[in-house]
Structures are given as C-alpha cells and as structure tokens.
Amino acid sequence: MKITRKCKTCAKEILREKSNKNVFCSRQCILFYKDPKQEKILEKSNDNDFYYLLGLIATDGYISKKENKKSQRCNISLHKNDEQVLLDIQKNYGGKIYKFYKANKNVIRWQILNQKFINYIESTGISNNKSLTLNIQKWFKTLNKQQKLSFIHGVIDGDGSISFSVVKNTFRSNIIIVGASYKFMKMLFDEMKLLNIDCTFADRTKITKTWHVTISGRKILSALPIFTVENQKLNIRRKMKNYFTCYDYYTNNKPLQNRLRYPSTQ
Ligand SMILES: [Zn+2]
C-alpha cells in the first residue's frame, strides 16, 4: 500500500510504499543527502572564494553530460601537482575527487552534480565550447572589485603561469595568461586595466592560435591585489609562492634564498 511520505532532503510529499527507509523525491535529493555541502554551493556566492572557483572553471573546467543520462556534471581537471587546490575546493563545496595517477597520466578531477549550480554557470556565459566562444562580459560587470580580483586569480591559476628566472644577474619575471577566445581575453585585459593592473595584450594567433595577457618585470607589483583578496583561501600554492618570490625581489631585493614569503593558506 502506498502512503504519503516526505522527502528526507527537501520535505516534498511523495507517494511511496510504507517502509522504515528514508525516501527521496529525486536523484538530486539523494545526492544532497549524502553530500550536503554540494547543495549549499550557491549559498556561498557572497564569498570571494566562489569567484576564484568560477575563474578556475572558466579556464580548466568543463560541463559534461553522460549519454543516456539527463544530469550534467561540472568538472575541473588539473595536474597532480596542483591536487591541493581541488581538495580544498572539495572541503568547501563538496563534490567528488577522482585521481587518475598512472604512468603517463597524472590528472586529478573534481566533479559536482548540483544542477542549479551548473545552470548558474551556464547563465554566466561559461559554455561547453568555451575556448573560442567564451564571452562573460555582462556577468563580469555585475561583480564587485574583490569578486573580480578573485575571478582573475582563478583564471591565472587555470590558464596562466607565474615564472621568474635569473639570466646574467638580471631577474626576470612574468605573469602570462593564455587563451583562445579573443572576446574573453580582451575583456580580461580591459578589466585588469580598470583595476590598475599594468598588463599588455598580445595577438599570438599566428603562432599558437592564442591571445596573451602579460604582466612583466616590476609591473608584477601592480598585480598584488589579485593575490591578496580579503578572506580568499583558495589558491594554487605553487603559483602563489612564485608570485611572492617576484614581489619580494622588487620590494626588498633580498637574496634568492630568503625570498619565500607568502601568506599561509591553511
Ligand atoms: Zn526532495
């Protein structure tokens, strides 16, 4: 005999056989019961970390759909070296971690199935064929300054590099963001300029089919706000360390060995 029962997650009334087991109205409700952090991800959209996450999704993320299944997944895949940031993201927002650590493959993937979050991502303009069509200008304009800076930090950690070298006693440093979408890269450049970050925009489409936003040498100091956003805990430590190595060189001129000062990121 069927009776009216309440979904264990959302309390919606459903007709089910009488039993002592928990009942759920949908697959999402089963998922959220097992992984409550995942359900609450959109409630954290006032945190600056949320925008870092979206920056990372805009660059190293993708939305996939399994055949025969209605539900979409949002994934971020990174090299094993940067597994720390995905584990931190899982701690904050739930989701699953998959490690593919074999001989030639060193990939770690974070995956989330919250459909409302995925709908939100799609509404921002971060779409599946994003490398060429990414155009999120409208959404980006709605963010406040700290959220914009966090998003840019996420983009740098996704598709950017922060490097330094010493050649013939000359210290060289670069932050380079690489992207295939003109619209996205031009927006990033324009917005970084508005944030007083001293960067340049270069067309490398003839060589590598990409556009570059670069911050070179001492100009790297102007990027400090990106790496010091209030209450932002998420970052790739390896890149953070490189940034502050450069920052310290230009501000203190300390010998190389003593230049590893960067905020603790527990
Ligand atoms: Zn439910």
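The following exchange asks what lies behind the descriptions of this predicted model.

User: What should I know about the model and its numbering before reading on?

Analyst: Residues are numbered from 1 along each chain as its sequence is written. The model is predicted: local features need pLDDT of at least 70, side-chain atom pairs count only at pLDDT 80 or more, and totals for chains, interfaces and linings use all residues.

User: What makes domain 1 and domain 2 separate, and how far apart are their centres?

Analyst: The bounds come from an automatic or database domain assignment. Domain 1 covers 1-25 and domain 2 covers 35-258. Their centres, taken over C-alpha atoms, are 42 Å apart. The C-alpha atoms of the protein fill a box of roughly 85 × 40 × 40 Å along the principal axes.

User: What counts as a helix or a strand here, and how many of each are there?

Analyst: Both are DSSP runs, numbered from the N terminus: helices are H or I with at least four residues, strands are E with at least two. The protein comes to 12 helices and 10 strands.

User: Why is Arg 5 called partly exposed?

Analyst: A residue is buried if 20 or more other C-beta atoms lie within 10 Å of its own, exposed if 12 or fewer, and partly exposed in between; C-beta atoms are placed from the backbone. Arg 5 has 19 C-beta neighbours inside 10 Å, so it counts as partly exposed. Arg 5 lies in strand E1 (residues 2-6). Across the whole protein of 266 residues, 32% count as buried.

User: What does Arg 5 touch, and how far from Val 229 is it?

Analyst: Contact requires C-beta atoms, placed from the backbone, within 7 Å. Leaving out residues up to four places away in sequence, Arg 5 touches Ile 14, Arg 16 and Val 23. Arg 5 and Val 229 are 224 residues apart in sequence, and 47 Å apart in space, C-alpha to C-alpha.

User: How do you know that E3 and E4 pair?

Analyst: Two strands pair if DSSP finds at least two bridges between them. Five bridges join E3 to strand E4 (residues 72-79), and the two run antiparallel. Among the partners, Gly 61 is bridged to Ile 76 in E4.

User: What is the strand order of the sheet that holds E3, and which strands are its edges?

Analyst: The order is E3-E4-E6-E5, an open sheet of four strands with antiparallel pairing. Strand E3 (61-65) and strand E5 (96-101) are the edges, as each pairs on one side only. The twist averages 30° from one strand to the next.

User: Which helices pack on that sheet, and at what angles?

Analyst: Axes are lines fitted to C-alpha atoms, for helices over the stretch in contact, and angles run from 0 to 180 degrees between N-to-C directions. Helix H3 (residues 48-60) touches E3 and E4, at about 85° to E4. Helix H4 (residues 83-93) touches E4, E5 and strand E6 (106-112), at about 15° to E6.

User: Why are E7 and E9 placed at the edges of the other sheet?

Analyst: That open sheet has four strands in the order E7-E8-E10-E9, with antiparallel pairing. E7 and strand E9 (200-204) each have a single partner strand, so one side of each is left without a neighbour in the sheet. Helix H9 (residues 182-194) packs on this sheet, touching E8, E9 and E10, at about 20° to E10. Helix H12 (residues 237-252) lies across E7 and E8, at about 45° to E7.

User: What joins E8 to its partners?

Analyst: Eight bridges join strand E7 (residues 160-167) to strand E8 (residues 170-179). Six bridges join E8 to strand E10 (residues 210-216). Both pairs run antiparallel. Ile 175 in E8 stands opposite Ile 162, and also opposite Ile 215 in E10. E7 and E8 form a hairpin with two residues between them, and Lys 168 in the turn has a positive phi of about 45°.

User: What makes a nonpolar core, and which residues touch the most members of the largest one?

Analyst: A core is a set of buried Ala, Val, Leu, Ile, Met, Phe, Trp, Tyr and Cys residues joined through C-beta atoms within 7 Å. The largest has 53 residues, of which Leu 53, Ile 57 and Leu 188 touch the most other members. H3 gives the most to this core, with eight residues. Not counting residues up to four places away in sequence, Ile 57 touches Cys 74, Ile 76, Ile 121 and Ile 126.

Notes
Two residues are in contact if their C-beta atoms, placed from the backbone, lie within 7 Å.
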